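The exercises below invite the reader to examine one structure step by step. Each task is followed by a worked solution.

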Amino acid sequence: MLAVILSGGSGTRLWPLSREAYPKQFLPVVSDETLLAETIDRGLTLDGKARVMAITNEEHRFVVAAHLQAQAPERTAGIILEPVGRNTAPAIALAALSAAEENPEELLLVMPSDHVLKNLDAFRQAVSQGAEAARAGKLVTFGIVPSAPHTGYGYIKAGQAHEGFNDVAAFVEKPDEETARRYLEEGDYFWNSGMFLFRADRYLEELESQQPEMIDACRAAWKERNTDMDFTRVGSDAFKACPDNSVDYAVMEKTRDAVVVPLDAGWSDVGSWSALWDIQPHDGNNNVCRGDVITEDVSGSYIHSEGRLIAALGITDHVIVETDDVVLVADRNRVQDVKKLVAQVRDQGRHEHRFHKKVHRPWGTYEGIAMGGRFQVKRITVNPGASLSLQKHHHRAEHWVVVKGTATVNRGDEVLLLTEDQSTYIPLGITHRLTNPGVIPLELIEVQTGSYLGEDDIVRFEDTYNRV
(Lines give C-alpha, C1' and ligand atoms only; values in the text may rest on other atoms or scores of the structure.)
Protein backbone atom coordinates (compact mmCIF):
# COMPACT_ATOMS: atom_id res chain seq x y z
CA MET A 1 0.00 0.00 0.00
CA LEU A 2 1.18 3.51 -0.86
CA ALA A 3 0.08 6.34 1.45
CA VAL A 4 -0.31 9.44 -0.74
CA ILE A 5 -0.22 12.60 1.34
CA LEU A 6 -1.65 15.77 -0.17
CA SER A 7 0.22 18.75 1.27
CA GLY A 8 -0.54 21.79 -0.83
CA GLY A 9 -2.98 23.85 1.22
CA SER A 10 -2.41 27.32 2.63
CA GLY A 11 -4.46 26.90 5.82
CA THR A 12 -5.77 30.47 6.04
CA ARG A 13 -8.67 29.50 8.32
CA LEU A 14 -6.19 29.04 11.18
CA TRP A 15 -4.57 32.43 10.64
CA PRO A 16 -2.54 33.95 12.26
CA LEU A 17 -0.93 30.70 13.46
CA SER A 18 -1.06 29.35 9.91
CA ARG A 19 0.43 31.40 7.06
CA GLU A 20 0.70 30.80 3.32
CA ALA A 21 4.45 30.15 3.47
CA TYR A 22 4.16 27.89 6.53
CA PRO A 23 0.59 26.56 6.81
CA LYS A 24 -1.13 24.51 9.47
CA GLN A 25 0.12 21.09 8.35
CA PHE A 26 3.62 22.11 9.47
CA LEU A 27 2.47 23.23 12.92
CA PRO A 28 1.89 21.30 16.20
CA VAL A 29 -1.62 22.65 16.66
CA VAL A 30 -3.06 19.67 18.56
CA SER A 31 -0.13 17.70 19.99
CA ASP A 32 3.64 18.03 20.17
CA GLU A 33 3.88 16.70 16.59
CA THR A 34 2.95 18.64 13.46
CA LEU A 35 -0.17 17.58 11.58
CA LEU A 36 2.01 16.40 8.68
CA ALA A 37 4.14 14.30 11.03
CA GLU A 38 1.02 12.69 12.44
CA THR A 39 -0.22 11.94 8.92
CA ILE A 40 3.09 10.33 7.95
CA ASP A 41 2.98 8.20 11.10
CA ARG A 42 -0.57 7.20 10.20
CA GLY A 43 0.59 5.94 6.82
CA LEU A 44 3.62 4.10 8.16
CA THR A 45 1.67 2.23 10.85
CA LEU A 46 -0.73 0.63 8.37
CA ASP A 47 1.73 -2.24 8.02
CA GLY A 48 5.46 -2.82 8.02
CA LYS A 49 5.77 -2.41 4.25
CA ALA A 50 3.60 0.63 3.58
CA ARG A 51 5.41 3.46 1.78
CA VAL A 52 4.72 7.18 1.83
CA MET A 53 4.56 9.63 -1.09
CA ALA A 54 3.88 13.35 -0.81
CA ILE A 55 2.38 15.76 -3.33
CA THR A 56 3.28 19.37 -2.63
CA ASN A 57 4.53 22.58 -4.27
CA GLU A 58 7.83 24.38 -4.80
CA GLU A 59 7.45 26.64 -1.76
CA HIS A 60 6.82 23.89 0.76
CA ARG A 61 9.04 21.18 -0.72
CA PHE A 62 11.91 21.37 1.74
CA VAL A 63 9.68 21.31 4.82
CA VAL A 64 7.89 18.23 3.47
CA ALA A 65 11.22 16.60 2.59
CA ALA A 66 12.56 17.25 6.09
CA HIS A 67 9.51 15.54 7.61
CA LEU A 68 9.88 12.48 5.39
CA GLN A 69 13.62 12.26 5.95
CA ALA A 70 13.10 12.38 9.72
CA GLN A 71 10.28 9.84 9.83
CA ALA A 72 10.47 7.59 6.78
CA PRO A 73 13.94 7.72 5.18
CA GLU A 74 13.75 4.09 4.02
CA ARG A 75 10.05 4.07 3.12
CA THR A 76 9.64 7.25 1.11
CA ALA A 77 8.31 6.67 -2.41
CA GLY A 78 9.04 10.19 -3.61
CA ILE A 79 7.88 13.79 -3.50
CA ILE A 80 6.00 15.10 -6.53
CA LEU A 81 5.96 18.87 -7.07
CA GLU A 82 3.02 20.57 -8.73
CA PRO A 83 3.99 23.74 -10.65
CA VAL A 84 0.51 25.13 -9.91
CA GLY A 85 -2.42 23.95 -7.82
CA ARG A 86 -5.05 22.11 -9.82
CA ASN A 87 -7.04 20.59 -6.94
CA THR A 88 -7.01 17.00 -5.73
CA ALA A 89 -8.02 14.97 -8.82
CA PRO A 90 -4.92 15.86 -10.91
CA ALA A 91 -2.62 15.58 -7.88
CA ILE A 92 -3.82 12.03 -7.24
CA ALA A 93 -3.46 11.26 -10.95
CA LEU A 94 0.25 12.08 -10.75
CA ALA A 95 0.64 9.71 -7.79
CA ALA A 96 -1.26 7.00 -9.66
CA LEU A 97 0.90 7.42 -12.77
CA SER A 98 4.02 7.11 -10.63
CA ALA A 99 2.78 4.03 -8.77
CA ALA A 100 1.49 2.32 -11.91
CA GLU A 101 4.97 2.27 -13.43
CA GLU A 102 6.02 -0.29 -10.81
CA ASN A 103 2.70 -1.94 -10.01
CA PRO A 104 -0.56 -0.92 -11.74
CA GLU A 105 -2.58 -2.59 -8.95
CA GLU A 106 -0.80 -0.71 -6.14
CA LEU A 107 -3.31 0.44 -3.52
CA LEU A 108 -3.25 4.21 -3.00
CA LEU A 109 -4.44 5.50 0.37
CA VAL A 110 -5.00 9.23 -0.19
CA MET A 111 -4.86 11.44 2.90
CA PRO A 112 -4.80 15.22 3.37
CA SER A 113 -1.82 16.33 5.46
CA ASP A 114 -3.78 18.52 7.88
CA HIS A 115 -6.38 16.24 9.47
CA VAL A 116 -6.56 14.81 12.99
CA LEU A 117 -7.38 11.17 13.79
CA LYS A 118 -7.32 10.22 17.44
CA ASN A 119 -8.08 6.48 17.25
CA LEU A 120 -5.45 4.80 15.07
CA ASP A 121 -6.78 1.30 15.75
CA ALA A 122 -10.18 2.26 14.36
CA PHE A 123 -8.48 3.89 11.38
CA ARG A 124 -6.39 0.81 10.60
CA GLN A 125 -9.49 -1.37 10.87
CA ALA A 126 -11.38 0.85 8.43
CA VAL A 127 -8.47 0.83 5.98
CA SER A 128 -8.28 -2.96 6.20
CA GLN A 129 -11.99 -3.21 5.38
CA GLY A 130 -11.62 -0.77 2.51
CA ALA A 131 -8.59 -2.56 1.10
CA GLU A 132 -10.62 -5.66 0.31
CA ALA A 133 -13.09 -3.61 -1.69
CA ALA A 134 -10.31 -1.61 -3.38
CA ARG A 135 -8.48 -4.75 -4.48
CA ALA A 136 -11.73 -5.87 -6.11
CA GLY A 137 -11.81 -2.66 -8.15
CA LYS A 138 -13.99 -0.42 -5.99
CA LEU A 139 -13.14 3.23 -5.32
CA VAL A 140 -13.36 3.65 -1.57
CA THR A 141 -14.06 6.78 0.41
CA PHE A 142 -14.18 6.94 4.20
CA GLY A 143 -17.31 8.37 5.76
CA ILE A 144 -16.98 9.88 9.21
CA VAL A 145 -19.70 8.79 11.62
CA PRO A 146 -21.24 12.18 12.49
CA SER A 147 -21.28 13.33 16.10
CA ALA A 148 -23.28 16.51 15.50
CA PRO A 149 -25.42 18.17 12.79
CA HIS A 150 -22.39 19.90 11.27
CA THR A 151 -23.09 22.34 8.45
CA GLY A 152 -19.46 22.81 7.43
CA TYR A 153 -18.94 19.37 5.86
CA GLY A 154 -20.23 17.67 2.76
CA TYR A 155 -22.10 14.41 3.42
CA ILE A 156 -22.17 10.93 1.89
CA LYS A 157 -25.44 9.00 1.79
CA ALA A 158 -24.86 5.29 2.22
CA GLY A 159 -26.68 2.85 -0.07
CA GLN A 160 -26.82 -0.94 -0.13
CA ALA A 161 -24.79 -2.55 2.64
CA HIS A 162 -22.03 -5.09 2.07
CA GLU A 163 -19.63 -6.68 4.53
CA GLY A 164 -17.50 -3.80 5.83
CA PHE A 165 -18.74 -1.12 3.42
CA ASN A 166 -21.76 0.37 1.64
CA ASP A 167 -22.40 1.47 -1.88
CA VAL A 168 -22.45 5.26 -2.21
CA ALA A 169 -26.01 6.41 -2.89
CA ALA A 170 -25.11 10.08 -3.23
CA PHE A 171 -22.63 12.80 -2.35
CA VAL A 172 -24.44 15.73 -0.73
CA GLU A 173 -23.32 19.37 -0.51
CA LYS A 174 -22.96 21.15 2.84
CA PRO A 175 -26.48 21.28 4.32
CA ASP A 176 -28.27 23.89 6.39
CA GLU A 177 -28.74 23.08 10.07
CA GLU A 178 -32.24 21.64 9.74
CA THR A 179 -31.14 19.30 6.96
CA ALA A 180 -28.03 18.30 8.90
CA ARG A 181 -30.20 17.37 11.88
CA ARG A 182 -32.35 15.20 9.63
CA TYR A 183 -29.24 13.47 8.25
CA LEU A 184 -28.14 12.71 11.79
CA GLU A 185 -31.54 11.29 12.74
CA GLU A 186 -31.77 9.09 9.64
CA GLY A 187 -28.38 7.53 10.43
CA ASP A 188 -27.26 6.60 6.91
CA TYR A 189 -25.32 9.82 6.24
CA PHE A 190 -21.63 10.35 6.91
CA TRP A 191 -19.32 13.33 6.80
CA ASN A 192 -17.10 13.35 3.73
CA SER A 193 -13.56 12.87 5.10
CA GLY A 194 -11.61 13.61 1.92
CA MET A 195 -9.70 10.32 2.31
CA PHE A 196 -9.77 7.66 -0.41
CA LEU A 197 -8.45 4.19 -1.21
CA PHE A 198 -8.24 2.59 -4.67
CA ARG A 199 -5.95 0.79 -7.06
CA ALA A 200 -3.78 3.04 -9.20
CA ASP A 201 -5.01 1.49 -12.44
CA ARG A 202 -8.69 1.79 -11.45
CA TYR A 203 -8.31 5.49 -10.68
CA LEU A 204 -6.60 6.08 -14.03
CA GLU A 205 -9.32 4.09 -15.80
CA GLU A 206 -12.01 6.24 -14.23
CA LEU A 207 -10.20 9.43 -15.24
CA GLU A 208 -9.89 8.08 -18.78
CA SER A 209 -13.65 7.56 -18.83
CA GLN A 210 -14.85 10.60 -16.86
CA GLN A 211 -12.12 13.23 -17.39
CA PRO A 212 -10.17 12.49 -20.60
CA GLU A 213 -8.81 16.05 -20.87
CA MET A 214 -7.49 15.86 -17.33
CA ILE A 215 -5.74 12.52 -17.71
CA ASP A 216 -4.22 13.58 -21.04
CA ALA A 217 -2.74 16.70 -19.41
CA CYS A 218 -1.44 14.71 -16.43
CA ARG A 219 0.15 12.09 -18.68
CA ALA A 220 1.81 14.81 -20.76
CA ALA A 221 3.09 16.50 -17.59
CA TRP A 222 4.35 13.19 -16.19
CA LYS A 223 6.13 12.37 -19.44
CA GLU A 224 8.02 15.67 -19.20
CA ARG A 225 9.06 15.14 -15.57
CA ASN A 226 12.57 15.59 -14.29
CA THR A 227 14.19 14.79 -10.96
CA ASP A 228 15.99 17.21 -8.66
CA MET A 229 17.39 15.83 -5.40
CA ASP A 230 14.42 14.05 -3.73
CA PHE A 231 11.84 15.81 -5.91
CA THR A 232 10.04 14.98 -9.14
CA ARG A 233 8.98 18.03 -11.12
CA VAL A 234 6.31 17.45 -13.75
CA GLY A 235 6.06 19.40 -17.00
CA SER A 236 4.92 22.89 -16.11
CA ASP A 237 3.09 23.94 -19.28
CA ALA A 238 1.28 20.63 -19.63
CA PHE A 239 0.12 20.64 -16.01
CA LYS A 240 -1.00 24.26 -16.18
CA ALA A 241 -3.32 23.20 -19.03
CA CYS A 242 -4.93 20.58 -16.77
CA PRO A 243 -8.54 21.21 -15.65
CA ASP A 244 -8.95 22.18 -12.00
CA ASN A 245 -11.24 19.76 -10.16
CA SER A 246 -11.53 17.78 -6.94
CA VAL A 247 -11.50 13.99 -6.86
CA ASP A 248 -15.07 14.11 -5.47
CA TYR A 249 -16.52 15.98 -8.45
CA ALA A 250 -14.22 14.57 -11.13
CA VAL A 251 -14.45 10.88 -10.23
CA MET A 252 -16.26 9.79 -7.09
CA GLU A 253 -19.63 11.39 -7.94
CA LYS A 254 -19.56 9.92 -11.44
CA THR A 255 -18.24 6.40 -11.04
CA ARG A 256 -20.55 3.42 -10.50
CA ASP A 257 -17.98 1.79 -8.25
CA ALA A 258 -17.87 4.26 -5.34
CA VAL A 259 -18.24 2.69 -1.89
CA VAL A 260 -18.04 4.16 1.59
CA VAL A 261 -16.42 2.63 4.69
CA PRO A 262 -17.70 4.07 7.99
CA LEU A 263 -14.96 5.57 10.17
CA ASP A 264 -15.41 6.52 13.82
CA ALA A 265 -11.91 7.51 14.90
CA GLY A 266 -12.05 10.99 16.41
CA TRP A 267 -11.59 12.70 13.04
CA SER A 268 -11.39 16.44 12.40
CA ASP A 269 -10.24 18.44 9.40
CA VAL A 270 -9.06 21.17 11.83
CA GLY A 271 -10.81 23.63 9.55
CA SER A 272 -11.28 26.49 12.00
CA TRP A 273 -10.45 27.72 15.48
CA SER A 274 -13.82 26.44 16.68
CA ALA A 275 -12.88 22.97 15.36
CA LEU A 276 -9.71 23.09 17.47
CA TRP A 277 -11.83 24.09 20.45
CA ASP A 278 -14.13 21.12 19.75
CA ILE A 279 -11.48 18.41 19.68
CA GLN A 280 -9.23 19.41 22.60
CA PRO A 281 -9.76 18.85 26.33
CA HIS A 282 -11.73 21.60 28.07
CA ASP A 283 -11.13 22.97 31.54
CA GLY A 284 -13.84 23.38 34.17
CA ASN A 285 -15.11 26.53 32.43
CA ASN A 286 -15.30 24.90 29.01
CA ASN A 287 -12.17 26.69 27.82
CA VAL A 288 -9.19 25.42 25.84
CA CYS A 289 -6.03 27.29 26.88
CA ARG A 290 -2.61 26.70 25.31
CA GLY A 291 0.58 28.48 26.27
CA ASP A 292 0.93 31.28 28.83
CA VAL A 293 -2.71 32.08 29.66
CA ILE A 294 -4.56 33.24 32.79
CA THR A 295 -8.31 33.77 32.92
CA GLU A 296 -10.97 35.15 35.23
CA ASP A 297 -14.68 34.66 34.58
CA VAL A 298 -14.03 33.27 31.07
CA SER A 299 -16.01 30.43 29.50
CA GLY A 300 -16.42 28.61 26.21
CA SER A 301 -13.27 30.16 24.74
CA TYR A 302 -10.15 29.08 22.85
CA ILE A 303 -7.06 31.02 23.98
CA HIS A 304 -3.65 30.29 22.43
CA SER A 305 -0.40 32.05 23.30
CA GLU A 306 2.77 31.49 21.31
CA GLY A 307 4.89 33.52 23.73
CA ARG A 308 3.45 36.50 25.59
CA LEU A 309 1.09 36.20 28.54
CA ILE A 310 -2.59 36.44 27.60
CA ALA A 311 -4.81 37.63 30.46
CA ALA A 312 -8.54 37.37 29.71
CA LEU A 313 -11.40 38.69 31.87
CA GLY A 314 -15.17 38.38 31.63
CA ILE A 315 -15.59 36.98 28.10
CA THR A 316 -17.63 34.10 26.68
CA ASP A 317 -17.25 32.10 23.45
CA HIS A 318 -14.19 33.94 22.18
CA VAL A 319 -11.07 32.99 20.28
CA ILE A 320 -7.81 34.77 21.19
CA VAL A 321 -4.62 33.77 19.38
CA GLU A 322 -1.28 35.50 19.99
CA THR A 323 1.78 35.19 17.74
CA ASP A 324 4.97 37.27 17.55
CA ASP A 325 3.41 39.75 15.13
CA VAL A 326 -0.39 39.33 15.24
CA VAL A 327 -3.11 39.05 17.90
CA LEU A 328 -6.48 37.67 16.74
CA VAL A 329 -9.61 38.31 18.81
CA ALA A 330 -12.85 36.82 17.44
CA ASP A 331 -16.29 35.59 18.35
CA ARG A 332 -15.99 31.78 18.37
CA ASN A 333 -19.15 31.57 16.27
CA ARG A 334 -17.64 33.86 13.58
CA VAL A 335 -14.27 32.18 13.03
CA GLN A 336 -15.22 31.07 9.50
CA ASP A 337 -14.89 34.77 8.61
CA VAL A 338 -11.20 34.91 9.57
CA LYS A 339 -10.53 34.68 5.83
CA LYS A 340 -12.04 38.18 5.49
CA LEU A 341 -9.36 39.54 7.82
CA VAL A 342 -6.69 37.72 5.83
CA ALA A 343 -8.04 39.31 2.66
CA GLN A 344 -7.75 42.76 4.26
CA VAL A 345 -4.15 42.09 5.26
CA ARG A 346 -3.34 41.02 1.71
CA ASP A 347 -5.18 43.96 0.13
CA GLN A 348 -3.24 46.41 2.31
CA GLY A 349 0.04 45.13 0.90
CA ARG A 350 1.15 43.72 4.26
CA HIS A 351 3.01 40.44 4.69
CA GLU A 352 1.38 38.92 7.78
CA HIS A 353 -0.93 36.74 5.70
CA ARG A 354 2.09 35.11 4.06
CA PHE A 355 4.98 34.95 6.50
CA HIS A 356 5.50 34.43 10.20
CA LYS A 357 7.95 36.64 11.99
CA LYS A 358 10.23 33.58 11.92
CA VAL A 359 10.63 32.60 8.26
CA HIS A 360 11.66 29.05 7.37
CA ARG A 361 14.18 28.39 4.62
CA PRO A 362 15.77 25.13 3.36
CA TRP A 363 18.94 25.95 5.32
CA GLY A 364 17.26 27.06 8.58
CA THR A 365 15.34 30.15 9.71
CA TYR A 366 15.58 33.90 10.06
CA GLU A 367 13.59 36.14 12.39
CA GLY A 368 13.20 39.90 12.39
CA ILE A 369 14.21 41.52 15.69
CA ALA A 370 14.20 45.24 14.92
CA MET A 371 13.72 47.57 11.96
CA GLY A 372 14.11 51.29 11.38
CA GLY A 373 15.20 53.80 8.79
CA ARG A 374 18.01 52.23 6.74
CA PHE A 375 18.61 49.34 9.17
CA GLN A 376 17.23 45.90 10.03
CA VAL A 377 18.30 43.33 12.63
CA LYS A 378 17.68 39.58 12.22
CA ARG A 379 18.40 36.41 14.17
CA ILE A 380 19.64 33.74 11.73
CA THR A 381 19.86 30.01 12.43
CA VAL A 382 21.68 27.72 9.97
CA ASN A 383 21.20 23.96 10.29
CA PRO A 384 24.29 21.71 10.69
CA GLY A 385 25.94 21.15 7.33
CA ALA A 386 23.66 23.65 5.58
CA SER A 387 24.70 26.59 3.45
CA LEU A 388 23.06 29.74 2.12
CA SER A 389 23.45 30.58 -1.55
CA LEU A 390 26.50 32.33 -2.98
CA GLN A 391 25.01 35.80 -3.42
CA LYS A 392 25.40 39.54 -3.38
CA HIS A 393 23.20 42.57 -2.67
CA HIS A 394 22.98 45.81 -4.62
CA HIS A 395 21.50 47.99 -1.88
CA ARG A 396 22.67 46.77 1.52
CA ALA A 397 25.70 45.82 3.58
CA GLU A 398 25.61 43.24 6.37
CA HIS A 399 27.33 42.76 9.74
CA TRP A 400 27.35 39.22 11.19
CA VAL A 401 28.01 38.33 14.84
CA VAL A 402 28.22 34.63 15.74
CA VAL A 403 26.50 33.85 19.04
CA LYS A 404 26.51 30.03 18.86
CA GLY A 405 28.34 27.46 16.76
CA THR A 406 30.87 27.91 13.96
CA ALA A 407 30.53 29.72 10.63
CA THR A 408 32.49 29.45 7.40
CA VAL A 409 32.19 32.73 5.52
CA ASN A 410 33.09 33.22 1.87
CA ARG A 411 33.62 36.97 1.36
CA GLY A 412 34.90 37.86 -2.07
CA ASP A 413 38.19 35.93 -2.44
CA GLU A 414 38.50 35.38 1.33
CA VAL A 415 37.41 32.37 3.39
CA LEU A 416 36.89 33.10 7.11
CA LEU A 417 36.21 30.74 10.01
CA LEU A 418 34.24 32.44 12.78
CA THR A 419 33.42 31.06 16.21
CA GLU A 420 31.28 32.39 19.05
CA ASP A 421 31.62 36.13 19.78
CA GLN A 422 33.46 36.77 16.50
CA SER A 423 32.07 38.94 13.68
CA THR A 424 32.57 40.04 10.09
CA TYR A 425 31.40 42.74 7.70
CA ILE A 426 29.97 42.10 4.22
CA PRO A 427 30.22 45.31 2.14
CA LEU A 428 27.56 46.21 -0.40
CA GLY A 429 28.12 44.44 -3.72
CA ILE A 430 30.56 41.80 -2.39
CA THR A 431 29.85 38.17 -3.26
CA HIS A 432 29.42 36.09 -0.10
CA ARG A 433 28.18 32.82 1.33
CA LEU A 434 27.44 31.59 4.88
CA THR A 435 27.93 27.90 5.80
CA ASN A 436 27.56 25.91 9.01
CA PRO A 437 30.38 23.33 9.00
CA GLY A 438 29.56 22.11 12.49
CA VAL A 439 27.24 19.53 14.08
CA ILE A 440 25.13 22.00 16.10
CA PRO A 441 22.94 24.82 14.76
CA LEU A 442 24.77 28.04 13.91
CA GLU A 443 23.13 31.13 15.39
CA LEU A 444 24.12 34.67 14.49
CA ILE A 445 22.83 38.22 14.61
CA GLU A 446 22.74 40.04 11.29
CA VAL A 447 22.56 43.82 11.06
CA GLN A 448 21.61 45.07 7.61
CA THR A 449 22.17 48.69 6.60
CA GLY A 450 21.35 50.36 3.31
CA SER A 451 18.85 52.16 1.15
CA TYR A 452 16.69 49.07 0.46
CA LEU A 453 16.37 46.04 2.75
CA GLY A 454 13.82 43.84 0.94
CA GLU A 455 14.35 40.09 0.60
CA ASP A 456 14.26 40.43 -3.19
CA ASP A 457 17.61 42.30 -3.19
CA ILE A 458 19.48 39.03 -3.79
CA VAL A 459 21.52 38.00 -6.81
CA ARG A 460 22.25 34.25 -6.52
CA PHE A 461 25.24 32.71 -8.28
CA GLU A 462 25.20 29.21 -6.77
CA ASP A 463 22.52 27.55 -4.67
CA THR A 464 22.44 24.07 -3.15
CA TYR A 465 18.65 24.13 -3.29
CA ASN A 466 18.28 25.22 -6.92
CA ARG A 467 16.35 28.38 -6.12
CA VAL A 468 16.26 31.26 -8.56
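**Exercise 1. Determine which residue of β29 stands opposite Ala397, and place this pair in its sheet.**

Solution. In this predicted model, Ala397 faces Thr449 in β29. The next step is to consider the two strands concerned. Strand β24 covers residues 396–404 and strand β29 covers residues 442–450; they run antiparallel and are joined by 8 bridges. The sheet can then be described as a whole. It is open, has 6 strands with antiparallel pairing, and follows the order β20-β21-β22-β29-β24-β27. Its edge strands, β20 (358–361) and β27 (423–426), each pair on one side only. From one strand to the next, the twist averages 20°.

**Exercise 2. Describe the second largest pocket: its volume, its central residues and the elements that line it.**

Solution. Begin with the volume: the second largest pocket holds about 1,100 Å³ of space. The lining consists of 43 residues, of which His360, Arg361, Pro362, Trp363 and Arg467 are the closest to the centre. Now turn to the elements. Those that give two or more residues to the lining are α2 (61–71), β20, β21 (364–372), β22 (375–382), β24, β28 (432–435) and β29. The largest share, 4 residues, comes from α2.

**Exercise 3. State how many cavities of 30 Å³ or more the structure contains, and which residues line the largest cavity.**

Solution. A search of the whole structure yields 1 cavity of 30 Å³ or more. The volume of the largest cavity is about 40 Å³. The residues lining the largest cavity are Ala21, Tyr22, Phe355, His356, Lys358, Val359 and His360. His360 thus appears in this lining and also among the residues closest to the centre of the second largest pocket.

**Exercise 4. Identify the residues with the most contacts inside the largest nonpolar core, and examine the surroundings of Leu434.**

Solution. As background, nonpolar side chains tend to be buried together in soluble globular proteins. Here the largest nonpolar core has 87 residues, and those with the most contacts inside it are Phe123, Phe142, Leu197, Leu263, Trp273 and Leu434. Helix α4 (residues 120–135) supplies the largest share of this core, 6 residues. Another core, of 45 residues, lies apart from it and includes Val4, Leu94, Phe171 and Ala217. To complete the exercise, consider Leu434. When neighbours within four places in sequence are left aside, Leu434 is in contact with Val382, Ser387, Leu388, Trp400, Ala407, Thr408, Val409, Leu442 and Leu444.

**Exercise 5. Establish the strand order of the open sheet of 4 strands, and find how β14 and β16 run.**

Solution. The order of this open sheet is β14-β16-β18-β19, and its pairing is mixed. Strands β14 (288–290) and β19 (327–331) are the edge strands, each pairing on one side only. Neighbouring strands are turned by 5° against each other on average, direction ignored. Strand β14 and strand β16 (residues 302–305) run parallel and are joined by 3 bridges. Within this pair, Cys289 is opposite Ile303 in β16.

**Exercise 6. Decide whether Pro281 is buried or exposed, and locate its contacts.**

Solution. Pro281 belongs to the loop between α10 (273–279) and β14. Its relative accessibility is 72%; because exposed means over 50%, Pro281 counts as exposed. Setting aside neighbours within four places in sequence, Pro281 is in contact with Asn287 and Val288.

Conventions: Residues numbered from 1 in each chain as written. Predicted model: local features only at pLDDT ≥ 70, side-chain atom pairs only at ≥ 80, totals over all residues. Heavy atoms only, no water. Core = buried A, V, L, I, M, F, W, Y, C linked by side-chain atoms within 4.5 Å. Buried < 20%, exposed > 50% of the residue type's maximum accessible area, 1.4 Å probe, protein only. Contact = heavy atoms within 4.5 Å. Pairing = 2+ DSSP bridges. Axes fitted to C-alpha atoms, helices over the stretch in contact; angles between N-to-C directions. 1 Å grid on protein atoms, 1.4 Å probe; cavity = no way out; pocket = protein on both sides within 12 Å on 5 of 7 lines; lining within 4 Å. Points joined across faces, edges and corners; volume = space filled by probe spheres on them.
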